[in-house]
Number of protein chains: 4
Amino acid sequence: NLWVHYKKHDGIIVRGSKVHISEASISDEILVVPNRALQKGEEAYALCFAVPSDYEGIKQVVHFHNFRKREHYQKPADFGYTDSYVIFDDCFVPWDRVFLCGETQHGGIAALLFALFHRHSYSGCKPALLDFVIGLAGLAAEINGIEKAPHVREMLSELIMTGELGYAAGYTASDLGKPEVYVPGLGFVPYGPGSCIPNSIYCNVGRCLTGEAVYHEQEILCNIAGGLPATFPYEKDLTNPETKALLEKYLTRNPKIPTEEQIKFWLTFIDFNLSGSSGSMLYGSYHGGGSPIMEQIAITSQYDLESKKDIVRAIAGMTPRQKRK
Amino acid sequence: NLWVHYKKHDGIIVRGSKVHISEASISDEILVVPNRALQKGEEAYALCFAVPSDYEGIKQVVHFHNFRKREHYQKPADFGYTDSYVIFDDCFVPWDRVFLCGETQHGGIAALLFALFHRHSYSGCKPALLDFVIGLAGLAAEINGIEKAPHVREMLSELIMTGELGYAAGYTASDLGKPEVYVPGLGFVPYGPGSCIPNSIYCNVGRCLTGEAVYHEQEILCNIAGGLPATFPYEKDLTNPETKALLEKYLTRNPKIPTEEQIKFWLTFIDFNLSGSSGSMLYGSYHGGGSPIMEQIAITSQYDLESKKDIVRAIAGMTPRQKRK
Amino acid sequence: NLWVHYKKHDGIIVRGSKVHISEASISDEILVVPNRALQKGEEAYALCFAVPSDYEGIKQVVHFHNFRKREHYQKPADFGYTDSYVIFDDCFVPWDRVFLCGETQHGGIAALLFALFHRHSYSGCKPALLDFVIGLAGLAAEINGIEKAPHVREMLSELIMTGELGYAAGYTASDLGKPEVYVPGLGFVPYGPGSCIPNSIYCNVGRCLTGEAVYHEQEILCNIAGGLPATFPYEKDLTNPETKALLEKYLTRNPKIPTEEQIKFWLTFIDFNLSGSSGSMLYGSYHGGGSPIMEQIAITSQYDLESKKDIVRAIAGMTPRQKRK
Amino acid sequence: NLWVHYKKHDGIIVRGSKVHISEASISDEILVVPNRALQKGEEAYALCFAVPSDYEGIKQVVHFHNFRKREHYQKPADFGYTDSYVIFDDCFVPWDRVFLCGETQHGGIAALLFALFHRHSYSGCKPALLDFVIGLAGLAAEINGIEKAPHVREMLSELIMTGELGYAAGYTASDLGKPEVYVPGLGFVPYGPGSCIPNSIYCNVGRCLTGEAVYHEQEILCNIAGGLPATFPYEKDLTNPETKALLEKYLTRNPKIPTEEQIKFWLTFIDFNLSGSSGSMLYGSYHGGGSPIMEQIAITSQYDLESKKDIVRAIAGMTPRQKRK
């Protein structure tokens with residue numbers, strides 16, 4: 001919801017906002033692109049420009065997602081991320097930073113390519129996150145002494161499947177990439193200056209798989225971890241001389257792993273899965289690049305269904321498509 | 001892991017702990033019962049007693065789950081809960097508060113009945129929580145303007161199915177209840193002084209359904225809500241004169257509902273689903289009364305599989321069970 | 001698609017057909033009722049009557065679903081069923097067999113009650129069929145020597161859950177039954193001469209669960225059975241002196257069960273799950289009483305969603321429903 | 001279960017059988033390989049040889065899977081397949097056709113490579129079959145007039161996801177292929193004369209996905225098709241002058257598609273999904289190359305879980321693996 005409010009000789013005044021923008025507060029530049037196909041009459045929305053993220057006329061309302069500070073049980077790095085309501089409050093953008101201003105014909109392709117590259121990135125991002133999730137599941141199982149249990153093996157193989165199928169989709173999308181875009185009804189048509197564009201159907205099926213699996217992954221982690229993370233003592237209780245020895249005795253699950261190691265593991269498990277930031281991470285994974293209903297539309301509209309019907313027509317002895325009227 | 005450390009003429013000394021005990025810190029009394037079948041030689045664990053929850057010799061390490069305090073957007077009541085590591089640090093219990101001490105033969109039935117009543121309670125508790133979840137889903141859809149969308153209708157009907165099937169399981173378990181327990185191999189046998197015991201198979205299938213559905217319910221809420229809850233502004237930004245009007249403009253989704261109402265809705269949505277306490281609630285629902293793998297064992301061990309094979313034997317013309325050797 | 005073609009002084013001429021009618025060819029009487037709400041102008045479809053199934057003017061095109069005849073491996077009874085295209089080819093129905101003729105206001109309730117009772121019957125029918133499926137799964141596991149394997153226990157517990165939750169839904173629908181029907185927007189209103197009408201929401205959630213589970217049940221049977229049923233020898237090969245001993249040697253899985261018993265089991269397993277009739281049975285279970293998309297509509301339209309939103313409004317401190325304008 | 005019964009100077013006598021062997025009756029040659037790791041003492045099972053499929057001493061008990069013959073509604077080709085119990089009834093194999101005889105050390109790798117190539121072939125075979133399934137679903141939806149319904153779009157996108165993710169897995173397995181095999185505990189080690197061996201983890205996740213999806217695919221076809229295929233008239237009724245016109249009237253769903261085309265479509269739909277052969281095809285797809293439980297073992301045993309735990313250890317500040325004792 002961002003539009004050109006006013007055109008001047010030396011630039012434009014933009015008004016509106018971009019919501020749910022990850023890491024906008026710590027970026028050097030904010031690049032604004034249209035996010036849907038535009039029609040005649042919508043020229044004010046055919047808008048593309050870049051400005052520094054702390055530019056005059058921009059207000060960012062930031063939500064930060066950090067983990068609970070640690071005192072005793074140190075880890076090598078803090079983790080956190082932010083997202084912003086980026087509000088353009090009649091922000092002036094000089095012409096040399098404006099790339100589109102009124103060219104409605106480019107709205108659709110800008111939206112399509114933004115989504116396509118975002119979805120393609122899931123095939124790298126989510127398998128990497130799954131490596132971490134699989135590591136959490138594996139260590140939780142080891143600490144709980146159930147690493148060889150058949151139901152754990154079943155769940156681990158589910159996690160591995162999601163990660164590796166997502167990676168394979170991205171790999172295939174890259175390897176089949178060409179300087180072409182798929183236009184429903186036309187098929188692949190050349191596009192752009194020659195830079196490689198990943199294959200759209202593999203981008204979409206990979207994103208769909210990995211993006212929509214995140215709640216089931218949380219279920220698997222919960223199943224393997226048991227109740228421990230939900231009731232885990234606070235760091236101050238764990239280090240309080242009056243309770244330290246008793247707590248360590250009663251929360252140790254696997255005698256072969258030092259208790260301090262087990263505590264560090266669970267604190268990190270909690271950070272990523274039961275903290276005030278963990279819910280937001282799931283929302284990001286689930287909706288980023290396109291909500292499930294948008295993905296269904298993308299997949300079916302970018303798929304050549306008629307050619308598959310042709311196979312059936314041939315096998316069934318039906319009249320071929322071109323001959324029917 | 002709690003046992004009789006020492007017997008005295010006027011009572012017993014108990015040592016050990018009960019972990020993951022909900023609301024133990026605000027209860028008047030703590031009742032300790034065995035949680036598995038016991039064998040000869042395990043007399044020290046055949047232990048049942050009740051003491052006040054702030055009794056001498058008890059240490060509780062408490063984890064509290066409260067929601068973020070509100071200043072401006074008031075709600076009628078705060079919500080929160082606690083759980084405890086209840087540690088019995090050589091706690092003296094006088095004989096008049098000891099109900100079992102060494103009678104191993106009662107371990108199994110105590111564990112079974114504790115689990116059974118806990119599981120039965122899911123058929124009241126979870127449908128009620130689902131009423132709330134369905135309300136959240138319905139209002140989120142209304143605010144987002146998608147209440148009539150087919151994919152939303154599909155998700156609402158899934159939520160309704162879980163709630164009503166869970167309720168029906170509990171209803172049936174109650175209505176078929178008798179002063180009897182099911183003992184694998186023996187069937188139902190009379191038990192207790194005459195108080196009604198709910199039917200075990202319906203308790204278990206109901207608990208399984210509602211307890212294991214919670215992550216899918218979160219997925220549905222996320223799907224319907226969209227990204228808004230993950231990046232929702234802080235209360236201080238929402239009330240800050242510099243940003244209030246802008247934020248209200250850009251976060252309002254449905255012009256028919258007052259913006260302040262929408263804000264109150266999302267803040268409560270976030271409390272229950274994206275807060276530092278929401279992850280723990282899911283763990284409680286998922287594992288309470290028995291983890292999935294324990295439920296599978298309960299269901300199959302309390303089910304008369306042989307009688308079902310008999311049906312097949314009859315239809316297939318096989319030799320009836322009793323005639324085979 | 002059946003309507004009154006012509007009214008005469010002594011009766012009516014009906015034209016049209018009822019398709020997919022189970023067992024119409026072996027019924028004594030065919031009862032025709034409207035299957036949707038009717039509006040002014042659709043009087044010809046407001047039609048209810050009963051005639052013998054071999055009545056003049058009726059043509060039935062019958063599809064029969066029988067199993068392969070057995071010669072050697074006898075079973076106590078044959079199984080089979082039929083369905084019909086029942087075509088009314090200008091069939092005359094005398095007035096004393098006509099119950100509705102033009103009263104459009106009864107179309108909706110007739111359709112609703114037909115569906116309701118059909119769906120309620122699923123809660124008896126499908127759990128009984130699941131008893132048989134569970135028996136097949138249990139015996140297949142026993143013959144294959146995997147009855148105690150954890151993944152088999154998991155699948156058995158899934159089957160048991162479907163059957164018992166479906167039964168509980170029907171039980172609850174019956175026990176809460178009253179001479180009332182649920183009308184969306186009005187709630188329950190008295191209906192009929194006093195005969196009990198099962199509670200609609202429990203009828204629907206039970207039917208949905210058991211009707212839509214049938215393909216997953218087939219998957220479980222396939223998983224437990226292994227490849228054997230797909231390549232099982234013909235009866236003539238099993239009894240051919242040249243191959244009998246060799247085949248019995250190589251198809252026996254469990255040495256404790258007589259080979260002839262195992263053969264009878266698999267032949268019956270195949271009849272119900274891999275025969276020319278088994279696919280049609282699944283279609284009947286899946287669509288009977290209402291396809292999944294119709295069930296979603298039924299469940300959401302017969303559910304009081306607003307009262308669930310009220311719970312959220314109260315907890316969130318929003319304005320109560322009645323006070324909003 | 002096939003072994004060397006007797007060694008002679010000019011060859012060996014083999015006894016035993018291979019069951020569930022697809023198309024063995026129409027193959028030129030039968031190649032026998034070990035199907036599991038072998039230990040010292042199992043030399044008789046370390047057996048590999050090739051003989052013509054109608055060789056002396058071989059008995060094949062064949063199950064053939066053909067479709068109902070058509071008279072009027074012709075199609076360009078018949079479809080069918082066979083499988084066999086291949087029984088080696090003391091079959092003599094001359095030495096020049098024997099490749100392994102007692103070398104137990106090759107059992108494991110022969111089994112692993114057979115399974116690996118079989119599983120890899122799923123990534124070509126199943127996506128091709130899914131093309132056909134998607135064509136069936138698309139035409140059924142078109143004939144039923146629901147091609148644009150949201151719930152149909154959702155199901156089509158599910159089918160497309162399975163096919164394209166399976167294809168991507170095979171593509172990636174091929175592109176990452178090397179003359180190496182993965183040995184749990186050792187990682188990839190060189191193997192063979194230099195021919196390319198597909199990457200094992202991608203072979204397995206692709207096979208798992210496509211092989212285990214077949215029952216859900218049947219559910220989707222059933223959902224879209226409705227009850228029509230289950231009660232479809234016989235060809236003789238469809239061409240019988242007394243019923244032809246009436247049946248065509250009542251089974252036509254889409255007035256834009258010639259009725260004869262619709263009939264041909266449904267007859268082919270039924271052949272592949274509701275016939276006496278369709279159940280066996282599902283069993284072949286589901287268990288071919290490895291049942292689900294074997295796939296879980298393959299995936300988890302060929303996956304480097306410890307390296308994923310290392311990621312967690314690093315992020316959590318735990319002691320690195322190599323430093324622990």
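User: Let's start with helix 9 of chain A in this predicted model. Which residues of helix 9 (residues 292–301) are buried?

Analyst: Happy to start there, keeping in mind that this is a predicted model. Buried here means under 20% relative accessible area. In helix 9 of chain A, the residues on the buried list are A:P292, A:I293, A:E295, A:Q296, A:A298 and A:I299.

User: What do the buried residues of helix 9 of chain A pack against?

Analyst: Within chain A, they pack against helix 1 (107–144), helix 3 (200–212) and helix 8 (278–287). Other chains take part too: chain B gives helix 2 (150–175) and helix 4 (214–225), and chain D gives helix 2 (150–175).

User: Nice. How many residues of chain A and chain B are in contact, and how much area do the two chains bury between them?

Analyst: The contact involves 55 residues of chain A and 55 residues of chain B. Carbon and sulfur atoms account for 64% of the buried area. The area itself is about 4700 Å².

User: Which three residues of chain A supply more of the area buried against chain B than any other three?

Analyst: Together, the three supply 16% of what chain A buries against chain B. For comparison of another kind, the count of salt bridges across this interface is 0. The three residues are A:Y85, A:Y250 and A:Y283.

User: And how many salt bridges are there between chain D and chain A?

Analyst: Chain D and chain A bury about 5400 Å² between them, with 69% of it on carbon and sulfur atoms, and 60 residues of chain D are in contact with 60 residues of chain A. One of the salt bridges joins D:K309 and A:E147, whose closest N and O atoms are 2.5 Å apart. The count for this pair of chains is 4.

User: Turning to the domains of chain A, how far apart are the C-alpha centres of domain 1 and domain 2?

Analyst: The assignment gives domain 1 as 2–102 and domain 2 as 108–301. Their contact takes 18 residues from domain 1 and 21 residues from domain 2. From one C-alpha centre to the other, the distance is 27 Å.

User: Which residues of domain 1 of chain A lose the most area to domain 2 of chain A?

Analyst: The two domains bury about 1600 Å² between them, and carbon and sulfur atoms give 58% of it. On the domain 1 side, three residues together make up 44% of what is buried. Those three are A:F67, A:R70 and A:Y73.

User: A:F67 is in an aromatic cluster, I see. Which other residues form it?

Analyst: The cluster is made of phenylalanines of chain A. Alongside A:F67, its members are A:F79, A:F132 and A:F272.

User: How far apart are the closest N and O atoms of A:K236 and A:E71?

Analyst: A salt bridge needs a side-chain nitrogen of Lys or Arg within 4 Å of a carboxyl oxygen of Asp or Glu. A:K236 and A:E71 form such a bridge, with their closest N and O atoms separated by 3.7 Å.

User: Why is the pair of A:W3 and A:Y45 called tilted?

Analyst: Planes under 30 degrees apart count as stacked and those over 60 as edge-to-face, with the rest tilted. The ring centres of A:W3 and A:Y45 are 6.2 Å apart and the planes meet at 50 degrees, so the pair is tilted. It links distant parts of the chain, with A:W3 in strand 1 and A:Y45 in the loop between strand 3 and strand 4, 42 residues apart.

User: C:F265 and C:F269 also form an aromatic pair. Are C:F265 and C:F269 buried or exposed?

Analyst: Both residues lie in helix 7 (residues 259–273) of chain C, 4 residues apart, about one turn of the helix. An α-helix has 3.6 residues a turn, so residues three or four places apart point the same way. C:F265 has a relative accessible area of 0%, and C:F269 likewise has 0%, so under the 20% cut-off C:F265 is buried and C:F269 is buried.

User: Last one: where in chain A is A:E23, and is A:E23 buried or partly exposed?

Analyst: A:E23 has a phi near 60 degrees, a positive value in a residue other than glycine. Its place is the loop between strand 2 (11–22) and strand 3 of chain A. At 23% relative accessibility, A:E23 counts as partly exposed.

Technical notes:
Residues are numbered from 1 along each chain as its sequence is written. Chains are lettered from A and ligands numbered from 1 in the order in which they are written. This is a predicted model: local features need pLDDT of at least 70, side-chain atom pairs count only at pLDDT 80 or more; totals for chains, interfaces and linings use all residues. Side-chain values use heavy atoms; hydrogens and water are left out. Rings of Phe, Tyr and Trp (its six-membered ring) pair if their centres lie within 6.5 Å; planes under 30 degrees apart count as stacked, over 60 as edge-to-face and the rest as tilted. Helices (H or I, at least four residues) and strands (E, at least two) are DSSP runs, numbered from the N terminus. Buried means under 20% relative accessible area, exposed over 50%, partly exposed in between (1.4 Å probe, protein chains only). Domain bounds come from an automatic or database domain assignment. Contact means heavy atoms within 4.5 Å. Buried area is the accessible area (1.4 Å probe) that two parts lose on being put together, summed over both.
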